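Biologist: Please take one part of this model and look at it closely. Then show me how the rest is arranged around that part.

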Amino acid sequence: MLFTTIDFIIFFIMVLGIVFAIRYRKFQHIFLLIASYFFFYYSSNYLITLLIMSTILDFYVGKAIWSSKNITKKKILLSISLAGNLGLLGFFKYADFAIDQFNILGRYIDLSSELPSLDLILPIGISFYTFQTISYTVDIYRGKLEPSKSLREFALFVAFFPQLVAGPIVRASTFLPQLREKISNSAGNRLRLITIENKNLKFGITLMAFGFLKKMFFADNIAPMVNMAFDNPIGLESFTIILATIGFGIQIYGDFSGYSDIAIGAALILGFKLPLNFNKPYFAISPSDFWKRWHISLSSWLRDYLYIPLGGNRKSSAQTYCNLFAVMILGGLWHGAAVNFIIWGTLHGLYLAIHKMLLRIFPKISQSFFFKTKIGKIFSVLVTQYFVFLAWIPFRVHDIEGIVYSMNKFILLDFATSETIEFMAINKFPLLLIFLFFVLNFLSYRNGNLQKKISESRILFWFLFLVGVFSLIVFFYDGNPDNFIYFQF
Amino acid sequence: MASTVIISITVISAFLLSIFLLSLFINPVTNPVDILNLDREENEFYSIFNNTNKSIFLIGSSQIGRLNQTYIQEGINTDKNNYTVFNLADNSDTPKKRLNSISHIVKIKPDLVIYGIGHIDFADFIMKSDLSKPETILPDPAIHLHKNIEKFEKIINMNFERWNYAKSLTINLIKNTIGIDDTKGTEDLTRENSPFYNLRNSHTIVLDELSLKRSLESNKSQLEKIYLEHENVAAIKEIIKILQTNEIPTIIISIPVSDVMLNTISKVDQKNFEDILKEISQDTDVEIIHLHDKFRNMSIWNDPTHIAYGSKSTVVNDRVLSIILENLE
């Protein structure tokens with residue numbers, strides 16, 4: 001169920017109405033779980049069984065890890081959980097990719113036959129909920145988290161509909177205490193578990209409005225320009241490639257952070273605070289700063305459950321660089337089983353490693369006067385974003401020839417303009433949106449938490465804000481919106 | 001802090017106000033096609049049509065738009081003949097759509113009509129994003145919801161389909177307000193006697209096989225099935241009958257497509273297409289000239305379903321020219 005469809009609006013209004021009406025907290029709890037399963041079933045039909053299987057496996061394994069005193073047994077149980085979740089993810093997401101690579105290798109060494117492709121359907125949200133359940137069992141294994149006492153409670157954590165299909169990746173340590181707090185705050189069984197608070201309702205709606213605006217007004221309207229260039233980039237001029245790359249950077253940000261805003265807003269209305277997933281990433285002043293601002297729930301997951309267990313930066317420099325590479329390549333692969341995502345991950349691994357290396361060789365460079373001035377900061381932002389946007393090319397262009405060509409044109413400018421002028425003439429509206437996006441993003445950067453400020457404004461101003469947002473969305477609705485990009489991951 | 005009721009009322013009012021503004025803009029009694037100037041353009045052309053020579057009309061979708069009517073005209077016109085060839089192809093034209101404007105052609109009464117039909121005229125398409133959805137082995141609530149929404153639309157007698165034009169209408173309004181006329185882009189090629197189909201520089205490029213495959217993969221939709229009961233089968237028969245009744249000689253050709261495209265069409269669908277052509281021919285007593293697979297392996301393709309415009313695809317124009325000449329004799 002896409003957030004931007006009438007289906008979701010009807011679903012969400014019904015959920016809110018019923019949550020508001022139900023006075024028995026146990027029913028509220030069960031109702032939210034049923035609603036979340038329905039949400040998943042609506043898009044994925046019988047594949048909901050995978051979600052339920054993953055839930056049951058990790059609930060019981062988590063309990064067994066907690067109650068076991070034997071470290072070997074704990075390790076075996078953790079391995080079962082990891083094998084179950086990663087096996088599920090690996091099979092559905094990477095089996096066909098592995099078969100393809102095997103067949104390519106087979107052609108090189110003249111194997112007479114090829115393995116048939118399995119043509120598997122990627123279950124929606126599998127990359128998100130398997131990471132959530134993995135973090136649950138690992139945290140229990142590390143002694144950082146008590147296992148959930150009821151299957152119902154755990155199932156709601158895994159399936160909670162706002163963040164189920166495209167994140168943010170929520171940790172049990174963030175979600176379960178909120179659920180328990182609501183229970184402990186309730187004086188008796190008859191009190192409501194979930195109350196819709198006015199403050200949360202207004203802020204949640206404001207966040208959702210921003211999310212819809214980012215996705216439906218910005219991302220969906222910039223997408224045609226990006227597709228025009230990157231569906232077949234061979235032969236395009238440097239400036240056309242650069243414009244399309246900037247467009248794609250905004251499209252994917254609008255798309256994904258828009259989804260996150262809607263998810264966080266919807267959860268907040270129901271009284272749950274989900275972690276921030278984007279924090280003005282295009283104002284990052286270094287590669288490591290970028291990853292503290294972009295898809296924060298994924299990057300922090302990779303840091304806590306992959307980078308640090310591998311040794312993080314506690315070992316030799318060479319080992320640290322290898323760890324960074326490994327984590328970012330796997331982060332790239334998480335986005336999809338394709339070579340282009342590996343290239344994207346490798347590039348970011350390279351950026352992080354070089355940045356770390358520079359800081360080691362010149363430890364005082366970041367403390368220098370220049371980088372503390374406005375010009376120094378602008379310089380840092382521009383250099384960082386140049387490399388970030390360069391890496392968006394392999395994220396968007398799927399074939400190697402197109403990637404090499406586009407990156408080459410992005411780096412080595414040809415200064416040709418005749419086709420770029422035509423390209424700009426055709427894409428006036430997307431270009432206007434790109435300009436508008438940067439202006440709004442800058443204002444938001446300067447003014448702090450813009451959503452919060454708007455949600456706290458007087459009701460008349462808030463009404464005008466909503467009319468403006470809704471009007472932009474409906475007036476620029478094209479009837480055939482693209483799926484959220486992150487649904488496919 | 002405002003109460004829940006006030007917040008809810010504010011959100012609903014804001015939403016309704018924006019919808020109200022949009023509905024004022026998309027006048028429910030006006031056909032959006034009119035607002036977008038699509039029909040108007042066509043009406044204007046036919047109303048001022050004035051050709052003292054004999055006329056030959058090429059009609060069909062963008063695939064016919066790639067034929068070079070000037071080249072064909074030069075091939076026809078000798079000392080004996082004096083014809084003007086018009087390429088009246090239109091983007092996304094289908095027999096059903098053409099049926100609405102066939103009366104214009106009948107009024108002009110050309111000396112010959114060449115109508116190109118292809119696989120896509122008789123096919124249903126599926127969005128590739130839908131293919132990633134699992135097959136429904138359990139009841140699909142989305143289907144039921146949308147059926148009920150359709151019922152609701154009927155009850156309140158509103159067709160929300162027109163709202164899909166919102167973006168185009170808004171952009172058109174902005175352009176008109178600030179006086180931008182970009183109906184002809186800077187990349188357009190100009191040619192005579194082809195009023196509806198904008199030919200672009202990029203349409204002259206011939207792609208290699210790999211690029212054709214890439215182009216096919218980048219399409220958002222793909223052909224799902226071709227079937228005999230498709231609404232366009234009846235529409236094309238109706239068009240032919242109207243032309244025959246008005247004694248306008250008509251030739252039907254099946255539009256050439258590339259090998260890359262033909263390979264994606266299943267044998268069942270290929271057979272269905274052949275059967276459709278046979279049925280149309282039998283029912284209307286018109287010969288259908290099969291061109292759809294005659295040029296499949298040649299290096300003439302601008303994309304999997306369109307030939308490149310210009311000298312690189314002369315072979316196709318020559319074939320159409322010879323068909324016309326045979327008929328004029």
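Modeller: What follows starts with one long helix and works outward from there. Keep in mind that this is a predicted model.

Start with helix α9 of chain A, which covers residues 198-230. How far should α9(A) span? At 1.5 Å a residue, its 33 residues should span 48 Å. The end C-alpha atoms of α9(A) are 45 Å apart, which agrees. Now follow the helix along its path. α9(A) has a kink of about 35°, and the kink is centred on Ala219(A).

Is α9(A) mostly covered or mostly open? It is mostly covered, with 27 of its 33 residues buried.

Next comes the core. The largest nonpolar core has 126 residues. Ala159(A), Leu213(A), Ile222(A) and Ile473(A) have the most contacts inside that core. Which helix gives the most to this core? Helix α9 of chain A does, with 19 residues. The core also draws on both parts of the chain: domain 1 and domain 2 of chain A each give at least three residues.

Zoom in on Leu213(A). Set aside its neighbours within four places in sequence. Leu213(A) is then in contact with Phe218(A), Val469(A), Leu472(A) and Ile473(A). A second, separate core exists as well, with 49 residues. Among them are Tyr115(B), Ala123(B), Leu199(B) and Leu277(B).

Now step back to the domains. Chain A is divided into domain 1, residues 6-192, and domain 2, residues 200-488. Taken over C-alpha atoms, the centres of these two domains are 26 Å apart. Where they touch, 25 residues of domain 1 of chain A are in contact with 24 residues of domain 2 of chain A. On the domain 1 side, α1 (6-21), α4 (71-108), α5 (126-141), α7 (161-164) and α8 (172-185) of chain A each supply at least two residues. α5(A) gives the most to that side, with five residues. By class, the domain 1 side has 17 nonpolar, six polar and two charged residues.

One of those helices deserves a closer look. Leu179(A) sits in helix α8 of chain A. Why is Leu179(A) called buried? It has 21 C-beta neighbours inside 10 Å, so Leu179(A) counts as buried. The cut-off is 20 or more. Beyond four places in sequence, Leu179(A) is in contact with Glu153(A) and Leu156(A). Leu179(A) and Phe157(A) are 22 residues apart in sequence, and their C-alpha atoms are 8.8 Å apart in space.

Compare another helix of chain A. Helix α14 of chain A covers residues 339-361 and has 23 residues. From its first C-alpha to its last, α14(A) reaches 32 Å, close to the 33 Å expected at 1.5 Å a residue. Its buried residues include Phe341(A), Trp344(A), His348(A) and Leu352(A). What covers the buried residues of α14(A)? The cover includes α11 (287-291), α13 (317-335), α16 (374-396) and α17 (400-411) of chain A.

Turn now to the partner chain. Chain B has 14 helices and eleven strands. Of its 329 residues, 28% count as buried. Take the contacts in chain B with a separation of 6 or more. Residues 24 or more positions apart account for 83% of them.

How do the two chains meet? The contact takes 40 residues from chain B and 36 residues from chain A. On the chain B side, α1 (4-25), α8 (141-155), α9 (166-178) and α10 (209-218) each supply at least two residues. α1(B) gives the most to that side, with 13 residues. By class, the chain B side has 21 nonpolar, 15 polar and four charged residues.

Finish with two loop residues of chain B. Lys109(B) lies in the loop between α6 (95-108) and β3 (112-117) of chain B. Lys109(B) has a positive phi of about 55°, although it is not a glycine. With 11 C-beta neighbours inside 10 Å, Lys109(B) counts as exposed. Asp285(B) lies in the loop between α13 (267-284) and β9 (288-290) of chain B. The phi of Asp285(B) is near 60°, a positive value in a residue other than glycine. Asp285(B) has 9 C-beta neighbours inside 10 Å, so Asp285(B) counts as exposed.

How values were computed
Residues are numbered from 1 along each chain as its sequence is written. Chains are lettered from A and ligands numbered from 1 in the order in which they are written. This is a predicted model: local features need pLDDT of at least 70, side-chain atom pairs count only at pLDDT 80 or more; totals for chains, interfaces and linings use all residues. A nonpolar core is a set of buried Ala, Val, Leu, Ile, Met, Phe, Trp, Tyr and Cys residues joined through C-beta atoms within 7 Å. A residue is buried if 20 or more other C-beta atoms lie within 10 Å of its own, exposed if 12 or fewer, and partly exposed in between; C-beta atoms are placed from the backbone. Helices (H or I, at least four residues) and strands (E, at least two) are DSSP runs, numbered from the N terminus. Domain bounds come from an automatic or database domain assignment. Two residues are in contact if their C-beta atoms, placed from the backbone, lie within 7 Å. Ala, Val, Leu, Ile, Met, Phe, Trp, Tyr, Cys and Pro count as nonpolar, Asp, Glu, Lys and Arg as charged, and the others, Gly among them, as polar. The expected span of a helix is 1.5 Å times one less than its number of residues. The bend at a residue is the angle between axes fitted to the seven residues ending there and the seven starting there.
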